[in-house]
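Q: I should like to learn how to read the fold and the core of a protein model. Could we work through one example together?

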Amino acid sequence: MNKSTSNNQSLKVERKTLEKNRRIRMNILCSKLASLIPQHHITTSKESLPRQDQLDQAASYITQLKERIDGLKLRKEQAVLQSEGIDTSSSLTSSIDQKAKLGFVPPVFQLRDHGLGLEVILISGRRKNFMLYEVIRILEEEGAEVVSASFSVVGDKIFHTLNAQVRLCRVGVETTRVYERLKELIH
């Protein structure tokens, strides 16, 4: 009986030691977190605040930093678009709508006629879903066969290049009609 009592006491001592070490570690981590908060953000002195208040203020400070980062990203996107000549002054009400507009790079395309071949260059933004198969379908419906297609990503833009050749030399491809159909599809 003595042996089991001593085992229980040693388990209790071990649990108390583990809990004490856990509390010490939590206090150290809370102190580290509190030391990262700038003094101008804290309402009273760091030392006089209870741990819970220090954690609340740290969470508040982190939230403010995240909002500031989001605002700076939005300003950066606006500046980039303005430097490209895109008007960002609109009457959008929510920041979600504004971000959606800023992430949109209007698609641009070029159609080059090379006699018996066509080259289509499409430039779109990453956030704009672009249906490349529809462009290929239009080319095939107009009598051209796509022989190669490639794309590359530069910054926030995706460049697609399609090379097609005329299926029937006698008939050819009416490039103005292809141009109008592509323009209608893209815009």
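The dialogue below goes from the overall fold to the nonpolar core and then to one helix.

Q: What kind of model is this, and how many helices and strands does the protein chain have?
A: This is a predicted model. The protein chain has 5 helices and 4 strands, and from the N terminus the order is α-α-α-β-β-α-β-β-α.

Q: How many of the 187 residues count as buried?
A: A residue is called buried when its relative accessible area is under 20%. Here 25% of the 187 residues meet that criterion. The chain exposes about 13,600 Å², of which 54% comes from carbon and sulfur atoms.

Q: Which residues touch the most other members of the largest nonpolar core?
A: A nonpolar core joins buried nonpolar residues through side-chain atoms within 4.5 Å. The largest one in this model has 16 residues, and those touching the most other members are Leu118, Val120, Leu122, Val135, Leu139 and Leu182. Two or more core residues come from each of strand E1 (108-113), strand E2 (117-125), helix H4 (132-141), strand E4 (157-166) and helix H5 (175-186).

Q: Why do the buried residues of H4 lie on the same side of the helix?
A: One examines the directions from the helix axis to the C-beta atoms. In H4 the buried residues are Glu134, Val135, Ile138 and Leu139. Because they cover an arc of only 140° around the axis, they fall on the same side of H4.

Q: What covers these buried residues, and which residue with a positive phi follows H4?
A: The cover includes E2, strand E3 (144-154), E4 and H5. After H4 comes Gly143, with a positive phi near 100°.

Key: Residues are numbered from 1 along each chain as its sequence is written. This is a predicted model: local features need pLDDT of at least 70, side-chain atom pairs count only at pLDDT 80 or more; totals for chains, interfaces and linings use all residues. Side-chain values use heavy atoms; hydrogens and water are left out. Buried means under 20% relative accessible area, exposed over 50%, partly exposed in between (1.4 Å probe, protein chains only). Accessible areas come from the Shrake-Rupley method with a 1.4 Å probe; for residues, only the protein chains shown count as cover. Contact means heavy atoms within 4.5 Å.
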